[in-house]
Amino acid sequence: GTPQTRTPTGVKTGVPSTAKGQQGAFLTTANGARLRDTDHSLKAGPRGPVLLQDHHFREKIMHFDHERIPERVVHARGAGAHGIFTAYGTAENVTQAGFLKKGRETEVFVRFSTVLGSRGSADTVRDTRGFATKFYTDEGTFDLVGNNMPVFFIQDAIKFPDIIHAAKPHPDREIPQAQSAHDTFWDFVSLHTEAQHHTIWNMSDRGIPRSYRTMEGFGVHTFRLINAAGETVLAKFHWKPKLGVHSLVWEEAQTINGIDPDFHRRDLYDAIESGAFPEWELGIQIFPDTPEETFAGIDLLDPTKIVPEELAPVQPVGKLTLNRTPTNFFAETEQVAFHLGHLPPGIDVTNDPLLQGRLFSYLDTQLTRLAGPNFPQIPINRPHAPVNDMLRDGFHQQAIHAGVAPYRPNSLDGGNPFPAGDDDHPFIDVPVQVAQAPKVRASPASFDDHFSQTRLFWLSMSPVEQEHIIRAYTFELGKCYHQAIKERQLQCLANIDPVLCAQVAAGLGLPAPQPTAPLADVAPSPALSQVGREWPAD
Ligand code: HEM
């Protein structure tokens, strides 16, 4: 790629003039009045006091006092970049989404993040990483809000506050920043054993990526795709890094935390600015849309389960290239607002109960984080498709809406805003059956299997990866104060694998328990191992 150009003062060239915060040759107030002095307040004589009438002083301090906005409740620490997505056309038979048609280029913004640390925390901690992509398609924005691990801790969004409370710092001491080194985390994941699969991913090398550029990304949930004929399939999204999947080893991660807490952020920015543009291929696993919503016996609505690539290969559908760093971290990386409900025609949600809860949570949190309902008008969040909505007024309204009151149909304004579909843009309703069933607070029986895929992951690791996993469990559990919690987690490990359990127990100086149920008879998935990965093929 071509390195970006910056002026000697570091100002990036090529920023559209409408997005520039500064104009003109002189220093001014916010109202454009030219200033003679910004270093001295107006005083009654050189020794003061300072006069209340000094508007520039009050404006300058008032604005500074309000520079901070709340950090994200999770994924507070992140780094972003702009790029281009180019479609191969290989998904055209399964989705009508225009941005996946052959040769289409779509602008994107990606934000990578850790989950648990606060905004100023270190990059190379053991944690899940966020991988959120905003595709500015000409049919409306598509947000793919994924992680670098294909499974999640919980099966129902109603538990999300609980897992995050358990994993964030203790309420009394506000430590630790690192997610897994404390009692409440291990208490939660050993009591809610659905979390064991995600936890073994965190204890593996995937929990300490070498670089954002060497991470896979996963949409986690199953989505429903609709083609132009109205036919549907179920699908999972995958990002595959062109550089391959690489991790740090624990000792490196520890050292880097001290030497350069901004390691991943710096790596991403330096790579792009030097022209080494990071690339990923987007791929999809496709499953028939059957009433059971299962594939090879795996419940596709359970976000703690994967479908091994050996059973459903990941089919490449396009390429992402990150080629531009943000001009302003706050305006872009901090103010970006992703949402799983931002879907173009051709991609739809499923009934995964974790996904369904996320559909409420992001909009709700952004209402506070970005102060009011008009954050879609912030430049980084503006769609690149025309907007003709019926939303009006509210804090920070930027648009000057014309015409009469927005309702439709109306007889006063030519029917504007216009109807949603026309012959060129038909709306295809997805014919999904809703079960005739009583209201219940319960999960399907298939959600009860918490250990077979956890064992599958363990068995798929190479010996060196298994060794790293043993050391990670031993280190993190070793930080717990409560022996009962260590013992309960060892019981979980016994239900995953006797070698894993025995080694960690030995490291902790505790006896290794016996499994409480027969171990699952599962075939390893070589594609899960980082060793010897050869994808994408070229
Ligand atoms: C933020 C991924 C589950 C609530 C994020 C971000 C990512 C992410 C990548 C950061 C977005 C950014 O960079 O701005 C995921 C994945 C999940 C998951 C892959 C499971 C598959 C949940 C659930 C909830 C939730 C179940 C709540 C019920 C939030 C909230 C934010 C967030 C409130 C902050 C959003 C903001 O302030 O803009 N999530 N998440 N997440 N997530 Fe999730």
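Select Arg111 in this predicted model. Arg111 has 23 C-beta neighbours inside 10 Å, so this residue counts as buried. Its place is in strand E2, residues 105-114. Leaving out residues up to four places away in sequence, Arg111 touches Gly78, Gly80, Gly130, Ala132, Thr333 and Val336. Arg111 is one of the positions that an unreviewed UniProt entry lists as "binding site". The others under that feature are Arg72, Phe160, Arg358, Tyr362 and Arg369.

**Arg369**

Go next to Arg369, found in helix H8 (residues 353-369). Is Arg369 buried or partly exposed? With 17 other C-beta atoms within 10 Å, Arg369 is partly exposed, whereas Arg111 counts as buried. Show the contacts of Arg369 beyond four places in sequence: Ile69, Pro70 and Arg72. Of these, Arg72 also appears under "binding site" in the UniProt entry.

**The ligand shell**

Now select the residues around the ligand; there are 28. Those that come nearest are His75, Arg111, Gly130, Phe160 and Ser361. Colour the shell by secondary structure element. At least two shell residues come from each of E2, strand E3 (129-137), E4 and H8. Which element supplies the largest share? H8 does, with eight residues. Colour the shell by class instead, and there are 14 nonpolar, ten polar and four charged residues.

**His75 and Asn147**

The unreviewed UniProt entry lists His75 and Asn147 for "active site". These two residues are spread over 73 residues of sequence, yet they cluster in space, with a largest C-alpha distance of 10.5 Å.

Select His75 in the loop between helix H1 (55-65) and strand E1 (78-87). His75 counts as buried because 22 C-beta neighbours lie inside 10 Å. Beyond four places in sequence, His75 touches Ser113, Val115 and Gly130.

Move to Asn147, which is in strand E4 (residues 140-147). Asn147 has 24 C-beta neighbours inside 10 Å and therefore counts as buried. Which residues is Asn147 in contact with, leaving aside neighbours within four places in sequence? They are Thr128, Arg129, Gly130, Phe131, Phe218 and Val220. Keep Gly130 displayed: this glycine is touched by His75, by Asn147 and by Arg111.

**Val220 and His396**

Val220, a contact of Asn147, is the next stop. Val220 is in the loop between strand E5 (217-218) and strand E6 (223-226). Its phi is positive, about 65°, although Val220 is not a glycine. Most residues other than glycine have a negative phi, and most peptide bonds are trans. Val220 is buried, because 23 other C-beta atoms lie within 10 Å.

For another positive phi in a residue other than glycine, select His396, where phi is near 60°. His396 is in the loop between H8 and helix H9 (452-460). Is His396 buried or exposed? His396 has 12 other C-beta atoms within 10 Å, so this residue is exposed.

**Two cis peptide bonds**

Select Gly48 and Pro49. The peptide bond from Gly48 to Pro49 is cis, with omega near 10°. Pro49 is in the segment before H1. Then select Ile175 and Pro176, where the peptide bond is also cis, with omega near -5°. Pro176 is in the loop between helix H2 (160-167) and helix H3 (183-191).

**The nonpolar core**

The largest nonpolar core has 98 residues. Tyr473, Leu493 and Val504 have the most contacts inside this core. Helix H11 (residues 483-496) supplies the largest share of the core, six residues. Centre the view on Val504 and show its contacts beyond four places in sequence: Ile470, Tyr473, Thr474, Leu477, Leu490 and Leu493. In soluble globular proteins, nonpolar side chains tend to be buried together.

**The whole chain**

Finish by zooming out. The chain holds twelve helices and twelve strands. Its C-alpha atoms fill a box of roughly 80 × 70 × 50 Å along the principal axes. What is the radius of gyration of the chain? The value is 26 Å, which agrees with the value near 24 Å for a compact globule, because the chain has 538 residues. Of the 538 residues, 37% count as buried. Among contacts with a separation of 6 or more, 72% are between residues 24 or more positions apart.

Methods
Residues are numbered from 1 along each chain as its sequence is written. Helices (H or I, at least four residues) and strands (E, at least two) are DSSP runs, numbered from the N terminus. The radius of gyration is taken over C-alpha atoms; the globule rule is 2.2 Å times the number of residues to the power 0.38. A residue is buried if 20 or more other C-beta atoms lie within 10 Å of its own, exposed if 12 or fewer, and partly exposed in between; C-beta atoms are placed from the backbone. Two residues are in contact if their C-beta atoms, placed from the backbone, lie within 7 Å. UniProt positions are given in the numbering used here, feature names are shortened, and annotations may be inferred rather than shown by experiment. A residue is near a molecule or strand if its C-beta atom, placed from the backbone, lies within 6 Å of it. Ala, Val, Leu, Ile, Met, Phe, Trp, Tyr, Cys and Pro count as nonpolar, Asp, Glu, Lys and Arg as charged, and the others, Gly among them, as polar. A nonpolar core is a set of buried Ala, Val, Leu, Ile, Met, Phe, Trp, Tyr and Cys residues joined through C-beta atoms within 7 Å.
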